[in-house]
Amino acid sequence: MARNVFRATAKSLAQGLAVETEARGFKVQLDEPEALGGTDTGMNPVELVLCALGACQTIVAKAFAPKFRIDLEEFWVELEGDLDPDGFMGISDVPKGFTEIRYTMHFRTNASQEHVEKFAAFIEKTCPVGDTLQRPIQLVPAGVVVEH
């Protein structure tokens, strides 16, 4: 199968640090909490990273449960990550992003613990967002455009 290219845009909004993001016509507004200089009109980007990981794991679970013969009545993921904002603010020389993300998958099913644990391992190794977060990827600047 050919490699797919996914596209998104992020554009600053007039108020504070708010940003409107868009992909395939779907929009999400992001911001920072007031304590970090924003107007708190939306989740911040690192919270969206946690949401993206949980959503990806959920999609994998729902898509592959039938293959694993798991009757998935309900599935959800709780996530939390450690981030020191002093790195982003330039206050100290610590990583700017997450240093650890922890998550707990919740399954409501009549499947055995052992079977569900094997399925959870499959979800972890199959989730594209998890894969992206776990390995180095290249961030390639494609140019700078100045509009007058």
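**Cysteines and aromatic rings in the predicted model**

Cys51 is partly exposed, its relative accessible area being 40%. This value, like the others here, comes from a predicted model. Cys127, in contrast, has a relative accessibility of 1% and therefore counts as buried. It helps to recall that a disulfide is a covalent bond between the sulfur atoms of two cysteines. The number of disulfides in this model is zero. For Cys51, the closest cysteine sulfur belongs to Cys56 and sits 13 Å away, which is too far for a bond, given that a disulfide needs the two sulfur atoms within 2.5 Å.

The aromatic rings offer more to follow. The count of aromatic pairs comes to six. In one of them, Phe68 and Phe119 have ring centres 4.8 Å apart and planes at 45 degrees, so this pair is tilted. Phe68 is found in the loop between α1 (45-64) and β4 (74-82), while Phe119 belongs to helix α3 (residues 113-126); the pair therefore ties together parts 51 residues apart in sequence. Phe68 and Phe119 are both buried.

Another aromatic pair, Phe75 with Phe107, is edge-to-face, with 4.9 Å from centre to centre and 70 degrees between the planes. Here the partners come from two strands, Phe75 from β4 and Phe107 from β5 (residues 100-108), so the pair ties together parts that are 32 residues apart in sequence. With 11% relative accessibility, Phe75 counts as buried, because the limit for that class is under 20% relative accessible area.

The picture comes together in one aromatic cluster, formed by Phe64, Phe68, Phe75, Phe107, Phe119 and Phe122.

Notes
Residues numbered from 1 in each chain as written. Predicted model: local features only at pLDDT ≥ 70, side-chain atom pairs only at ≥ 80, totals over all residues. Heavy atoms only, no water. Phe/Tyr/Trp six-rings, centres within 6.5 Å; stacked < 30°, edge-to-face > 60°. Helix = DSSP H or I, 4+ residues; strand = E, 2+ residues; numbered from the N terminus. Buried < 20%, exposed > 50% of the residue type's maximum accessible area, 1.4 Å probe, protein only.
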